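I opened this model to take notes on its helices and on how parts of its chain meet. My entries follow in the order I looked things up.

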Amino acid sequence: MGMGRMEEHVRGILGRLSSRPRSLSEADQKRLIVAAAAMHREGRRTSEVEQALQEMGANHEDARTLCLEARLQFDSQVVKDVPLPASATAAINYYFALGVTPRASSDRIRRAYRMRAHEVHPDRHHQELNRELWGQLMTIASDAHKVLTDDQARRAYDVYWLRRSRRVTAESCTPRERRGDWGTRYHWYMAEVAEIEDNIDTILDDLKEHLESGQALDEGLMAMVTAADLYEERILQVRTDALSVPGEHRRLAERARLELVRKDRLVTRLQGLSDRLPQGPYSMTDRAGGIRELESIAGTRTTVRDGHRRFEVDALRDAAAV
């Protein structure tokens, strides 16, 4: 289903929703659509827009329909008004090219870009025959950084990728798997895993700092247990989905499974951390032993992080080579 047909499909839904009698005049409907579009432009959530429309006189169903119509108009205008780089049509999502999820903040995107640029810059691969390919990867990473740190361009790209995802879903879903866009979902899962790993890094640093200064570790250990449980849950989710991966994504899934083995080892170490760290008050010997334990886990974390980045770069390289 192409983009034009997708919009026709959405408009068909809107037509069916609006075929029943409304409580609003045509003039009021147009006025509320304009207001809703302005709220979408401000970045307000759908639930907030619908609530505002109800406060302006629409009933629940009308508010929902008008909000959807305004969103469709706004998205179409954004895509028209904001040009995107040619690399926006690459097979890999800009967010995943940088190793983040679409929920990432601009600061996190900037940090991710600096790391990715260091990893794929052609000057780091001057002895390789495919220097041109590394140049393409650098272009994708640079374009991703430029687009995703600009509010308007990011919004236009989000609209573009949502349309693409819907199109892929319509083309590839099956009776047993309705979600369809398996590749996007899988990359999203792996990016979520990477974000949890970054959070774990912060918690480990805080624990070490508290241990060195003699502060209590209770809150930090509780945060670590929560993060480790979520980490294990996401790993299980990726592994479970990989069992039913379509053939065209089999290579990606296999590489991801290899990375999950490393992550499993880290989960085991993190979950037993509270039993191995000293409980205050503690002696200098206890403190030194706890610091050594944290440094050892940090080494395991470094191995996991390096492996995950190789996985991400390989996925990016595959997309650029298509």
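**Pro278 and its surroundings**

I started at Pro278, which sits in the loop between helix 12 (273-276) and helix 13 (284-321). The model is predicted, so I kept to local features with pLDDT of at least 70.

Is Pro278 buried or exposed? I found a relative accessible area of 13% for Pro278. The cut-off for buried is under 20%, so Pro278 counts as buried.

Next I asked which residues Pro278 contacts, leaving aside neighbours within four places in sequence. I listed Leu211, Leu217, Asp286 and Gly290. I then checked the pair Pro278 and Leu217: they are 61 residues apart along the chain, and their C-alpha atoms are separated by 8.7 Å.

**Leu217, from the other side**

I moved to Leu217, in the loop between helix 9 and helix 10 (218-242). Leu217 is buried too, with a relative accessible area of 5%.

What does Leu217 touch, not counting residues up to four places away in sequence? I noted Leu207, His210, Leu211, Leu277 and Pro278. Leu211 is thus on the contact list of Pro278 and on that of Leu217. I also looked up Ser274, 57 residues from Leu217 along the chain, and found 9.1 Å between the two C-alpha atoms.

I then followed helix 9 itself, residues 182-213. Helix 9 has 32 residues and reaches 47 Å from its first C-alpha to its last, close to the 46 Å expected at 1.5 Å a residue. Gly214 follows helix 9, and its phi is positive, near 80°.

**Helices 2, 3 and 4**

I turned to the N-terminal part of the numbering and took helix 2 (residues 26-41) with helix 3. They pack at an angle of about 150°, with axes 10 Å apart. That angle makes helix 2 roughly antiparallel to helix 3. Their crossing is right-handed. The contact is made by Leu32, Ala36, Met39 and His40 of helix 2 and Val49, Ala52 and Leu53 of helix 3.

How do helix 3 (residues 46-55) and helix 4 pack? I read an angle of about 125° and axes 9 Å apart. Helix 3 and helix 4 are therefore oblique to each other. Helix 3 passes helix 4 in a right-handed crossing. On the helix 3 side, I listed Thr46, Val49, Glu50, Leu53 and Gln54. Helix 4 brings His60, Ala63, Arg64, Leu66, Cys67 and Arg71. Val49 and Leu53 serve in the contact with helix 2 and in the contact with helix 4.

**Helix 4 and helix 11**

Helix 4 (residues 60-81) has 22 residues and spans 31 Å from first C-alpha to last, close to the expected 32 Å. What caps the N-terminal end of helix 4? I found Asn59 there, with a side-chain oxygen 3.2 Å from the backbone nitrogen of Glu61. Buried residues of helix 4 include Ala63, Leu66, Cys67 and Ala70. Ala63, Leu66 and Cys67 are also among the helix 4 residues in contact with helix 3.

I looked at helix 11 (residues 250-271) as well: 22 residues, reaching 31 Å, close to the 32 Å expected. Its buried residues include Leu252, Ala256, Glu259, Lys263 and Leu270. An α-helix has 3.6 residues a turn, so residues three or four places apart point the same way.

**Whole chain**

Last, I noted the totals. The protein has 13 helices and zero strands. Of its 322 residues, 45% count as buried. Among contacts between residues at least 6 apart in sequence, 74% join residues at least 24 apart.

Technical notes: Residues are numbered from 1 along each chain as its sequence is written. Side-chain values use heavy atoms; hydrogens and water are left out. Helices (H or I, at least four residues) and strands (E, at least two) are DSSP runs, numbered from the N terminus. The expected span of a helix is 1.5 Å times one less than its number of residues. Buried means under 20% relative accessible area, exposed over 50%, partly exposed in between (1.4 Å probe, protein chains only). A polar contact is a pair of N or O atoms within 3.5 Å; within protein, one must be able to donate a hydrogen and the other to accept it, and residues adjacent in sequence count only if both atoms are side-chain atoms. Axes are lines fitted to C-alpha atoms, for helices over the stretch in contact, and angles run from 0 to 180 degrees between N-to-C directions. Angles under 35 degrees count as roughly parallel, over 145 as roughly antiparallel, 65 to 115 as roughly perpendicular and the rest as oblique. A crossing is left-handed if the near helix is turned anticlockwise from the far one by less than a right angle, and right-handed if clockwise. Contact means heavy atoms within 4.5 Å.
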